[in-house]
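Have your viewer open and your selection tool ready. This tour moves from the whole chain to a handful of residues, one selection at a time.

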Amino acid sequence: MTLSILLIDSDQMRAKALEEKLSESRFARVTRMQGDDLARAVEQARPDLIIVDMALPDRDALEDIRLVSAASPVVMFAGTDDPAFAREAIAAGVCSYNLSGVTFQDVRPIMASAIALFQRHRHVETELAAARALLDERRL
């Protein structure tokens, strides 16, 4: 199965290299985000995974991620090792927070674990909603 990936990267050369590697391996079909509207890009691309690679991620990027993280798993590569920002990113819906510069061989397992974590989280949310509905029904 070929994954559909939406790639957001502040470095065009790095984005092109990652896109080429993923496409060559036939592991993924990559679409690079055009413009600044992440929600619209996700709606149009309907990706299986979103990769955000930023040298200096900011709070505005996290707000955009928060808006789309329910639709697709998000993997973030950041240029800084900031534990507080990593916690904020995960709270915004990022499934995997990593430092930039990982080898291509490490990217595939990172993506696979992010997708698995996202699917598990969705499953738990579905079960929770069903349990709440059952409790509400019993209350009545």
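Start with the whole chain, coloured by burial if you can: 37% of the 140 residues of the protein count as buried. Keep in mind that you are looking at a predicted model. The accessible surface of the protein comes to about 8900 Å², and carbon and sulfur atoms hold 53% of that area. Turn the C-alpha trace along its principal axes, and the spans are about 60 × 35 × 30 Å.

Now switch to a cartoon. You should find five helices and five strands, and walking along the sequence gives β-α-β-α-β-α-β-α-β-α. Among contacts with a separation of 6 or more, 65% join residues 24 or more positions apart. If you colour by charge, look for 17 positive and 22 negative side chains, with the centres of the two sets 6 Å apart.

**Stop one: helix α2**

Select residues 38-45, which make up helix α2. Which of its residues are buried? Show side chains for L38, A41 and V42, and you have them. These three sit on the same side of α2 because they cover an arc of only 100 degrees around the axis. What do the buried residues of α2 pack against? Add β1 (3-9), β3 (49-54) and α3 (59-68) to your selection to see these partners. Then rotate to the face turned away from the buried side, where the exposed residues R40, E43 and Q44 are found.

Both ends of this helix deserve a click. At the N-terminal end, D37 acts as the cap, with a side-chain oxygen 3.4 Å from the backbone nitrogen of A39. Just after α2 comes R46, whose phi is positive, at about 45 degrees.

**Stop two: the loop between α3 and β4**

Move on to the loop that runs between α3 and β4 (74-78), and pick S72 there. Is S72 buried or exposed? S72 counts as buried because its relative accessibility is 3%, under the 20% cut-off. Draw a distance from its side chain to the backbone oxygen of P47, and you should read 2.9 Å. Beyond its neighbours within four places in sequence, S72 is in contact with P47, I50 and F118.

Stay in the loop between α3 and β4 and select S69. This serine is buried too, with a relative accessible area of 14%. A polar atom of the S69 side chain lies 3.1 Å from the backbone oxygen of A92. Leaving out residues up to four places away in sequence, S69 touches V74, A92, G93 and F118. Keep F118 displayed for a moment: it appears among the contacts of S72 and among those of S69.

**Stop three: helix α5**

For the last stop, select residues 104-139, helix α5, and find H123 within it. H123 counts as partly exposed because its relative accessibility is 48%, which falls between the 20% and 50% cut-offs. Finally, how far is H123 from D58, C-alpha to C-alpha? Draw the line between the two C-alpha atoms: they are 30 Å apart in space, and the residues are 65 apart in sequence.

Notes:
Residues are numbered from 1 along each chain as its sequence is written. This is a predicted model: local features need pLDDT of at least 70, side-chain atom pairs count only at pLDDT 80 or more; totals for chains, interfaces and linings use all residues. Side-chain values use heavy atoms; hydrogens and water are left out. Helices (H or I, at least four residues) and strands (E, at least two) are DSSP runs, numbered from the N terminus. Buried means under 20% relative accessible area, exposed over 50%, partly exposed in between (1.4 Å probe, protein chains only). Contact means heavy atoms within 4.5 Å. Accessible areas come from the Shrake-Rupley method with a 1.4 Å probe; for residues, only the protein chains shown count as cover. Lys and Arg count as positive and Asp and Glu as negative; His and the chain ends are not counted. The place of a charge is taken as NZ of Lys, CZ of Arg, CG of Asp or CD of Glu. The arc is that of the directions from the helix axis to the C-beta atoms. A polar contact is a pair of N or O atoms within 3.5 Å; within protein, one must be able to donate a hydrogen and the other to accept it, and residues adjacent in sequence count only if both atoms are side-chain atoms.
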